[in-house]
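Here is a short tour of a protein model, written for someone who likes to know the cut-offs behind each statement. Please have a look at the sequence and the structure first.

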Amino acid sequence: MESFMFLGFGLDAWITIVTVLGMFTILLCTKWRSDVVFLGAIGVLFVTGVLDAKEAFSGFSSTSVITVGVLFVVVAGLTHTGVLQWIVKNLLGTPNSYSKAVTRLMLPVAVLSSFLSNTTVVALFVDIVKMWSKKLGVSPSKLLIPLSYASGMGGVCTLIGTPPNLIISGLYEEKTGEAMNILTTTVPGLFCLGVGVLSIIAMRRLLPDRKTPDSAFESTGEYTVELRVPSDNPHIGETIGEAGLFHIKGGSLISLYHFDNVSSPVIEDEPIMGGDHLVYAGQIDEIIDMADSHQLVSADHHIFSMSEVDMSRKLRTAHVDFGSSLIGKAIGTTSFERDNDVILAAVARRGERINKAPREVVLQVGDTLLLVCPKHLNVDTPSLKGALHFFDSDDVPNIGSGTIVSALIMLAMVVLSAFGIMPLLQCAFLAAAAMLICRCCNMEQAMRAINWEILMVFAGSAVLGLAIQKTGIAEWLANGILDVCGTNPIVVMTAVCLVGTFVTEFISNTAAGAMFFPIMYEAAEKMGYEPFPFLVALMVSVSSSFATPIGSPTHMLVYGPGGYRFSDFMRIGLLMNLIILAANILIVNIVYPLTRLQ
């Protein structure tokens, strides 16, 4: 292997380059699980001998990966005791202007995201913001992008706020033996957050004014509902007109299918038969009332009597996210309803009327589904979690003494780590144990809160960074950057951060952090500077993805509920990327002045 050289790289380096490019191509172009893709990449590097066994699986024993896993338990305690709900209830208020609304929203979200999973925070706030926006008379699309941006900028403010911070700080500790303080990025993060809030207010005209998909369930002609006639229905034998099923309040009959699944003319004189499918477009509440009064049922399967209908069910909305297993499929061609005990009642697509039966609609990213579900549906099952995202959770914790206890546990963890009394990993273990002992969450809730897919991606990212460094790719890229940018440290820092910001729009920010760590570290050392401030700037840049909805999981969470289009993020996001990059470089060099290596 050592004798093979091509364009300055040995065989090991080329295997690494092909593996990394192949992995990112698969993540962008397929629906494969990200943890499986990362595990496959590790396997390739190990089997080909690029990394030995210890190196290939070092990510799974990394302190930063273990810290993330333990913090999931801490977050479970905070969530199940209602800390987040208490904050939402008491901080938003009723501002009298858009500027004040954005500020009242973004600051609490940023603070929460500094210590909790930003995905958890955004998922909690989405429904709250939608209701709040109606109260304020503002389109939710004007507030949901700022919500997602705030969670990303807030996560930068502490080492535990976002995975790239943990992985970069962990790699730095392995390199130097020096641990970063949990508040290392606090001042740069807060400065960039302030700049971000002011930028959103100044550029609010670039935020789209979209009609949310959920509003399609409140207005006429913007969704469809499919119903079936039970075999004992009293209207069988009558015509549609005689039964009062042709002209209905708040909607209209758009399609009729008899038992042979052949569409029949939609005319008042068409006779009604048992098993008929009736497809209506209109107002959801009016059609449901009509279905009850005329003894019609949801068209998931043939029902012979109204007594067979489960009246304990409820309506819930869910959104089709990027990567959903339902994209490109019609619910009627899958076993989704049967497997999850749900019934598709209606589909909305950014306010557009869909003139098809809901179960025949080929689903797209951003579609909103109205589902008839059991009252206590477990939305965390793999089949549901990989297909849809529900926001209207039934699991609303009671706020009480546990709320105070869990908040104090979290505060103690941060204080002990910030003042260097104990390393972060030990503090996290103590906090997780305290959450369980004080019954802020039980063992089942704690284990369910651990996101193994994220941990696998985290571990895989660390291994990829190691391979990039070991094979000389990082050194080659660092030399290339120095050749192009010269030896001015500010220019080099800006160049690497700019590329990092662009790359993280398309790949995991964790992977971007691991990939750019060795490049930034090598570049700083080659110029003769201490790498620390360069790495702080890198932490901010790889978490600053504003221009595409696939740049962050939180963007994906608001994409469907906000009724956004892909270009909506780009209009304001490209400017935000440049503004935050400039703010990042400025503040890092003020707080952490560049120093020469001894």
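Of the 598 residues in the chain, 55% are buried, where buried means under 20% relative accessible area, exposed over 50%, and partly exposed in between, with a 1.4 Å probe and protein chains only. This is a predicted model, in which local features need pLDDT of at least 70 and side-chain atom pairs count only at pLDDT 80 or more, while totals for chains, interfaces and linings use all residues. Residues are numbered from 1 along each chain as its sequence is written, and side-chain values use heavy atoms, with hydrogens and water left out.

The chain holds 24 helices and 12 strands; these are DSSP runs numbered from the N terminus, helices being H or I with at least four residues and strands E with at least two. Taking contacts (heavy atoms within 4.5 Å) between residues at least 6 apart in sequence, 77% join residues at least 24 apart.

The largest nonpolar core has 157 residues, and L147 and L388 have the most contacts inside it. Such a core is a set of buried Ala, Val, Leu, Ile, Met, Phe, Trp, Tyr and Cys residues joined through side-chain atoms within 4.5 Å. Helix 21 (residues 509-527) gives the most to this core, with 12 residues. Beyond its neighbours within four places in sequence, L147 is in contact with L105, V109, V122, F125, V126, V129 and V558. Another core lies apart from this one, with 19 residues that include A243, L253, I272 and M290.

Three elements can be set side by side:

| Element | Residues | Buried residues |
|---|---|---|
| Strand 10 | 343-348 | 6 of 6 |
| Strand 11 | 368-373 | 6 of 6 |
| Helix 22 | 532-542 | 11 of 11 |

Strands 10 and 11 run antiparallel and are joined by 5 bridges; two strands pair if DSSP finds at least two bridges between them. A348 has T368 as its bridge partner in strand 11, and V347 stands opposite L369. In a regular strand the side chains alternate between the two faces of the sheet. Both faces of strand 11 are covered, with T368, L370 and V372 buried on one side and L369, L371 and C373 buried on the other. Because 6 of its 6 residues are buried, strand 10 is largely enclosed by the rest of the structure.

What covers helix 22? Its buried residues are covered by elements including helix 9 (163-176), helix 10 (186-202), helix 20 (489-503), helix 21 and helix 24 (566-591).

Now for the empty space. The whole structure has 3 cavities of 30 Å³ or more, and the largest has a volume of about 100 Å³. A cavity is a set of points, on a 1 Å grid over the protein atoms alone, where a 1.4 Å probe fits but cannot get out, and lining residues have an atom within 4 Å of a point. Grid points are joined across faces, edges and corners, and the volume is the space filled by probe spheres set on the points. Among the residues lining the largest cavity are N118, S148, Y149, G152, T162 and H555. Helix 8 (141-155) and helix 23 (553-559) each give two or more residues to this lining, and helix 8 gives the most, with 3.

Note on methods: On a 1 Å grid over the protein atoms alone, a cavity is a set of points where a 1.4 Å probe fits but cannot get out, and a pocket is an open set with protein on both sides within 12 Å along at least five of seven lines; lining residues have an atom within 4 Å of a point.
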